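Trainee: Please take one part of this model and go through it closely. I would like to know how one chain meets its neighbours.

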Protein chains: 6
Amino acid sequence: MSTDARILVVNPNSNEAVTAGLAEALAGYVLPGGPRIDCVTLREGPFNIETQADIESVVLPLARLVAHEKPTATVIACFSDPGVQGCREATRGPVFGMREAGILAALARADRFGIIAVQTRSIRRHLRAVREIGVTDRLAGDRALEITVADAAADDRAFARLVEVGRTLRDIDGAEALVLGCAGMARHRAPLEAELGVPIIEPVQAAVGMALGAILAR
Amino acid sequence: MSTDARILVVNPNSNEAVTAGLAEALAGYVLPGGPRIDCVTLREGPFNIETQADIESVVLPLARLVAHEKPTATVIACFSDPGVQGCREATRGPVFGMREAGILAALARADRFGIIAVQTRSIRRHLRAVREIGVTDRLAGDRALEITVADAAADDRAFARLVEVGRTLRDIDGAEALVLGCAGMARHRAPLEAELGVPIIEPVQAAVGMALGAILAR
Amino acid sequence: MSTDARILVVNPNSNEAVTAGLAEALAGYVLPGGPRIDCVTLREGPFNIETQADIESVVLPLARLVAHEKPTATVIACFSDPGVQGCREATRGPVFGMREAGILAALARADRFGIIAVQTRSIRRHLRAVREIGVTDRLAGDRALEITVADAAADDRAFARLVEVGRTLRDIDGAEALVLGCAGMARHRAPLEAELGVPIIEPVQAAVGMALGAILAR
Amino acid sequence: MSTDARILVVNPNSNEAVTAGLAEALAGYVLPGGPRIDCVTLREGPFNIETQADIESVVLPLARLVAHEKPTATVIACFSDPGVQGCREATRGPVFGMREAGILAALARADRFGIIAVQTRSIRRHLRAVREIGVTDRLAGDRALEITVADAAADDRAFARLVEVGRTLRDIDGAEALVLGCAGMARHRAPLEAELGVPIIEPVQAAVGMALGAILAR
Amino acid sequence: MSTDARILVVNPNSNEAVTAGLAEALAGYVLPGGPRIDCVTLREGPFNIETQADIESVVLPLARLVAHEKPTATVIACFSDPGVQGCREATRGPVFGMREAGILAALARADRFGIIAVQTRSIRRHLRAVREIGVTDRLAGDRALEITVADAAADDRAFARLVEVGRTLRDIDGAEALVLGCAGMARHRAPLEAELGVPIIEPVQAAVGMALGAILAR
Amino acid sequence: MSTDARILVVNPNSNEAVTAGLAEALAGYVLPGGPRIDCVTLREGPFNIETQADIESVVLPLARLVAHEKPTATVIACFSDPGVQGCREATRGPVFGMREAGILAALARADRFGIIAVQTRSIRRHLRAVREIGVTDRLAGDRALEITVADAAADDRAFARLVEVGRTLRDIDGAEALVLGCAGMARHRAPLEAELGVPIIEPVQAAVGMALGAILAR
């Protein structure tokens, strides 16, 4: 690792609160002697990424940002994984999408995994992504909290729903590890894991772990 | 992460030179403030792991070792991934097999990947593992160096064969990332990546990256 | 077939009552002029095989037994299929796992099949095995009796549960053949088939059929 | 098993020499106290089954034959598996297609299997069948002898080609078990297995083994 | 396209009312200067096609009809797709099965699709067909109206059931396009699409569209 | 079909010669009383679409164009299928990508298909697309002409290469239908089909056929 290595974690929406949450979620990954971890906001991004048009609107700006910043490694911190392919063409360093990294991390922990979606409407996109990775047969289930993204990041009621949905995925669907399907629920990871007794994957953390795995190699 | 976190990297064969090589390969992952990384030799292991009987002979000793050591995270550093399931039952922390971690890390870098086997006879085991993960359609090819494990770790001729086999996987089979199919080739990773221009995954490093991803979460 | 051909049916747990049940279940397969069928108990086995550690504890003893006995063909009579790979390396004759044989026999009878598990916790292992065989798309469902293994072998209440669970697999899940997910339910096979009108596969019998298919060839 | 149990092995073409060959291939499966094994010729069948029209021409006659004969179990002895579905509707007993049974028997012996076709043009049908079973990922290869069916049954040159093609499947394609892709090559099975050192499956024998597995159950 | 091009749409059952319904469903596809579209009844067909024997009884008559008529393109207008393979061998022009064409058309409109079956018992055949095409992972669900075929073609109650079942497929199963699983429901297509807001595929229309795609090429 | 129905065929690169070629390839699909077929050039497109950045640069302009034009149906006439998802969100009418439509049309004609790529480097994208559709097991092969796109549209040498590559796909790989992997080779379709004797799919024509199938329904 070069002494000025850094991991660029990009929030592709323009909501600065989300970016601040990323930095908080990743505080444990910042180590003396390790790479810098810069969490940045994509200024051109919409405030929320919800539609296919939202996803597509950030693809070129992300590639430009990465081409300009030249980070040692890049993490796209949105569960729709926008622009990963384009960013890979725009930079020499590795580029990780948080959804893909989260799913792969779950596969390394258990045979069958579940996804906790925020909204039902995003499940279709998740299923497509799982099929594209090729691991549909290992997906135990994908169930939605049916709360707003804002509520997902907040504390008490969201946690109760996480426990409820996670328990269904574990007990009815047979999931042995769970992926949090949104960038803003890191604070719930440890308590949820303690409550449910199965590995809970926070995908931005998983992506940063993979980035460390790639760039600490000599 | 607790202040005394540590990653136990177990060499399941009893060849101490292999264990020393692991420590060298992982030197970049030891960071101030980060978890200890302990590379240990399974004393009960055979000098080489080649047959199904060799694999099975280390399963129970590995589980006993892990149950006794209680590491924060465990990496099984043999490309046959012996005992991963049993170790997961024997400890609360995450357990990573290097073959599985290496393959998953490759999937996070490119669409189709290749495996560089040391010997042709191990390709069958690789294909089975890839099918069990569920990603056969993403395997571009698996080709063997056809050299001894000892030679694989040594320097010049092994590198020439790595370049030759890697080039075939890249150009004929269409592999966009390559996994080194043995624990002892870490020294060739960076030069091979420079030579071939595609990501080269050293699987023990990939597994340790995943372990960091799991245990640095707060 | 040589005149002293024999099929070794190994019960990998040390419960002699299970072994006696195997002999009873296989009585119809013992024919004048046909191979001997020896049902034996693995002395080193645990009384029950429930955990991954139980499975792994019998792998090496099974291989040693088979290497010593040199049977014409071997059947591993436990629905976890422990040690099949190792036994194949330890003997020249064919080695059949009952779970795999039962599933393959069901595939030869109908398009989609179901599995009747004894306990919910074993369903996860079944799903993994079905995926490893490669036929997840042909699995209609896997549902548990949720009774003890001892009760499964006993008579009346177990049968009522078998009918109930089997009917659900047939009518709700669309299973056209059913596999009994435990070595001790042979006595229920014929009455269940009569009750439900779909093929019921007793996996030890299926494995012995496959063994006959292999060793009666000249 | 009822005392008058019998397995009906139907040759769907009208070539009596093929039927005689079936009886010879199955001689080892006729045991005192076991089911009768009747090898019969479908009179309405064409002399050879080569085209899709040939296959379809025997479907209804096969169903009528089976409905009339009411065997305990039926084996369709043609590697195109004609009429298996219709026969299953026409009779209560189990109906086995030799191609499907041969492939399933190979899956019970090894991880990846190969098929030795007689003619290249039948490989396409084999691939479709393997995909319908669901096990394409376990097919190592399918290679043709490129000889006539008549030559396949004859002795010396056919065997030399079998060794040649089988060795390629084993060494280049990685097949660990081989299925003979035609009903008339049973005499080559044992010598080929001795020569190549991997299980050689004769599919009519495999189907009769499965039939025994089904009907010897009490 | 030659000036006397024509698409032969064959109703393989002998119910003339079904054939009349096909002509009505396809009226929009008859264009000045375009190919003739001839809807014909297979005289040899049974009044209903329900069993495997019914399906098989029409295979050879269909091939004879097509061989005699020599149409530019052929559509088999029965959701069991009987005789498609045989007809392809009997004619040089393209032959489309309505089930396959309907499913492929749905795949071109959305990521995951549903099938509205008339009767539960046909779902098994649908699942087999979807698996043979290779797209099981894209099937969101297959649910039955549980009405008679005659009622399906009639007006009011059938439509209410179509809305009910279609809504379940859309909302619970996540289907983003729906295939009508019977040749007689074309009149419901447009109102159902208006009601549910997702593409509704009438499979005979889809097959004729594919036929136009093939034969209008110069 | 409304009387002013029209199919918008968009060439996403800015090369007007390509658009003119599309109109010529589709001349046979323009029928009196049928929908208009408008071939248009995306002004914002690059002159060639080669890189991931090229693909992504046209996604938003395509969606804007479609939202503004409000065609009855849309065909994206570039074998990379750029912007199909976004266009589906931007318009109520069906949107077809030529690559996906060409592959689906091939699946309706034969069991296994091949793709004739222009350049080797695009094969990787094809393989990904085939996997996303879910039909990797039906792909017989994908081989490149290794000529320029300009040469592919020109006459004599390109045809010789098409015959050569197509013959290899048919005879070595077992393809029973072939998809032309570029929008500019329509003139070669009929002669190539005559030469090789298997269906040759021109994907823009296939997409327009699917569009007719969708919009001629009443």
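Mentor: Of the residues of chain D, D:Asp137 comes closest to the rotation axis, its C-alpha lying at 5.0 Å. That axis belongs to the rotation of 120°, with 0.0 Å of shift along it, that superposes chain D on chain B at an RMSD of 0.0 Å (a least-squares fit on the C-alpha atoms of residues with pLDDT of at least 70 in both copies). The two copies are thus related as by a three-fold rotation axis. They use different surfaces: 12% of the contact residues of chain D recur in chain B, contact meaning heavy atoms within 4.5 Å.

A note on the conventions. The model is predicted, so local features need pLDDT of at least 70 and side-chain atom pairs count only at pLDDT 80 or more, while totals for chains, interfaces and linings use all residues. Residues are numbered from 1 along each chain as its sequence is written, chains are lettered from A and ligands numbered from 1 in the order in which they are written, and side-chain values use heavy atoms, leaving out hydrogens and water.

Take the interface with chain B. Eight residues of chain D are in contact with six residues of chain B. The area buried between these two chains is about 620 Å², of which carbon and sulfur atoms give 44% (buried area is the accessible area, with a 1.4 Å probe, that two parts lose on being put together, summed over both). D:Asp111, D:Arg112 and D:Asp137 supply 64% of the area that chain D buries here, more than any other three residues. D:Asp137 is thus one of these three and also the residue of chain D closest to the axis.

Three salt bridges are found across the interface of chain D and chain B, the rule being a side-chain nitrogen of Lys or Arg within 4 Å of a carboxyl oxygen of Asp or Glu. A salt bridge joins the side chains of D:Glu176 and B:Arg124, at 3.8 Å from N to O. By class, the side of chain D that touches chain B has one nonpolar, one polar and six charged residues (Ala, Val, Leu, Ile, Met, Phe, Trp, Tyr, Cys and Pro count as nonpolar, Asp, Glu, Lys and Arg as charged, and the others, Gly among them, as polar).

Next, the sheet in chain D. Four strands form an open sheet in the order E6-E5-E7-E8, with parallel pairing. Strand E6 (139-144) and strand E8 (200-201) of chain D stand at the edges with a single partner strand each, so one side of each is left without a neighbour in the sheet. Strand E5 (113-117) of chain D pairs with E6(D) over five bridges, where strands are DSSP runs (E) of at least two residues, numbered from the N terminus, and pairing takes at least two DSSP bridges. D:Ile116 stands opposite D:Arg143 in E6(D).

Chain D also meets chain C. There, 34 residues of chain C are in contact with 33 residues of chain D. The area buried between chain C and chain D is about 2800 Å², with 59% from carbon and sulfur atoms. C:Arg109, C:Leu216 and C:Arg218 supply 20% of what chain C buries against chain D, more than any other three residues. The count of salt bridges between chain C and chain D is zero. Chain C can be laid on chain D by a turn of 180° and a shift of 0.0 Å along the axis, with an RMSD of 0.0 Å. That is the relation of a two-fold axis. The same surface serves both copies, as 97% of the contact residues of chain C recur in chain D.
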